[in-house]
Protein chains: 2
Amino acid sequence: MSDWEARLSASGRRLTAARRAILQVLSESTIPLSPLEICRQGQARYAPLGLATVYRTLSLLEKEALVRRVYQENGACGYLPASPGHRHVILCRSCGRVAEFPGNEDWEGLAALVQQTTGYRVEDHLLQLVGLCPNCRQGG
Amino acid sequence: MSDWEARLSASGRRLTAARRAILQVLSESTIPLSPLEICRQGQARYAPLGLATVYRTLSLLEKEALVRRVYQENGACGYLPASPGHRHVILCRSCGRVAEFPGNEDWEGLAALVQQTTGYRVEDHLLQLVGLCPNCRQGG
DNA sequence: AAATTTATTGAGAAATTTTTTCAATAAGGA
DNA sequence: TCCTTATTGAAAAAATTTCTCAATAAATTT
């Protein structure tokens, strides 16, 4: 049983063909995929897969922190598998490829600074970088 | 002529009643508003305002960096007026109120770290914090 | 002021995206 | 193998966003 299967089981969820197909599609993609793309590609693995199930599953997997949502330049959202210990991603603005990084930045210091400036207590954050991947730096 | 009016004029855009209504609604809100909410509230100021115009105007104003899009916990997007010199926001998870902050963090250092780890060259970033505003810290 | 040019608008249609409903299915435990 | 019930697919419905097009009105020129 794979890692994510164990995670789902542990939360009392069932391991179904639809969920396996969706996670496999995500894990094999190098770029974020939309729900519709996930559905199309998933049907190659499990023909009866329906779009509603993709939405339901993505929402479930996001709660379980097994997939991550990224906000792309065009405004659309895409989904990626999430690796434990990697809270952040950097997107290539040219090819869309994504890399994860742990994010050992000085959040303590930032939190203190923001709290001083705004009065808000910092609890969480969304950080997403945009740049050029090694491959596109060569070609472009 | 207000600041944003000058900004729009300078880009050769026209100052219309619809745009004034939309920007006024945004500037008077303490929380991010959806396009539909902006339309409804805008119609109180300028009755014939249509939803299509709201979408077009938000897209325009976002390009001009006069409004900012924020990603909320429920997954929906909202819009806010953007202050020059403030690239980042912190959202209150309780009341939704937003504060801006300049973000003088050490991006150089972070960029170098990420480049070393991932090979990507960092060009831009999206940072959004979540926390509790002073008011909700008291009450909650 | 009036005429002219053309960006902008509102209304409605259309396209897209997301959620809901519900009977049928199948996963996991007994 | 049987039971319980989470999960599913299909279709409908709801919500969101974009597009089309004739009418309007903002800014410039006369």
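What follows is a short dialogue on reading the symmetry, the interface, the shared sheet and the DNA surface of this predicted model.

Student: Let's start with symmetry. By what turn and shift can chain A be laid on chain B?

Tutor: With two copies, look at the turn, the shift along the axis and the fit. Here a turn of 179° with a shift of 0.0 Å along the axis lays chain A on chain B, with an RMSD of 0.1 Å. That is the relation of a two-fold axis. If you want a landmark in chain A, go to Leu127(A): its C-alpha is the nearest to the axis, 2.3 Å from it.

Student: Okay, now the contact. How many residues does each chain bring?

Tutor: Chain A gives 28 residues and chain B gives 28. Then ask which elements supply them. On the side of chain A that touches chain B, those giving two or more residues are strands S3 (88–92), S4 (98–101) and S5 (121–132), plus helices H5 (107–118) and H6 (134–139). S5(A) has the largest share, with 12 residues. By class, this side of chain A has 16 nonpolar, 6 polar and 6 charged residues.

Student: Why do we say the copies meet through the same surface?

Tutor: Compare the residue lists of the two sides. Of the interface residues of chain A, 100% are also interface residues in chain B, so the copies meet through the same surface.

Student: In which sense do S5(A) and S5(B) pair?

Tutor: Check the direction, then count the bridges. S5(A) and S5(B) are antiparallel, over 11 bridges. One pair to find on screen is His125(A) with its bridge partner Leu129(B).

Student: What is the strand order of the open sheet?

Tutor: Read from one edge to the other. The order is S4(A)-S3(A)-S5(A)-S5(B)-S3(B)-S4(B), an open sheet of 6 strands with mixed pairing. S4(A) and S4(B) are the edge strands, each pairing on one side only. Neighbouring strands are turned by 25° against each other on average, direction ignored. Within chain A, S3(A) pairs with S4(A) in the antiparallel sense over 4 bridges, and His88(A) stands opposite Phe101(A) in S4(A).

Student: Last one: which residues are closest to DNA strand D?

Tutor: Look at both chains here. The closest of the 22 residues surrounding DNA strand D are Ala18(A), Gly50(A), Thr53(A), Leu15(B) and Ala52(B). Helices H2 (17–28) and H4 (51–63) of chain A, and H3 (35–45) and H4 (51–63) of chain B, give two or more residues to that surface. H4(A) has the largest share, 4 residues. By class, the surface near DNA strand D divides into 12 nonpolar, 5 polar and 5 charged residues.

Methods:
Residues numbered from 1 in each chain as written. Chains lettered and ligands numbered in written order. Predicted model: local features only at pLDDT ≥ 70, side-chain atom pairs only at ≥ 80, totals over all residues. Least-squares fit on C-alpha atoms with pLDDT ≥ 70 in both. Contact = placed C-beta atoms within 7 Å. Nonpolar A, V, L, I, M, F, W, Y, C, P; charged D, E, K, R; others polar. Pairing = 2+ DSSP bridges. Near = placed C-beta within 6 Å. Axes fitted to C-alpha atoms, helices over the stretch in contact; angles between N-to-C directions.
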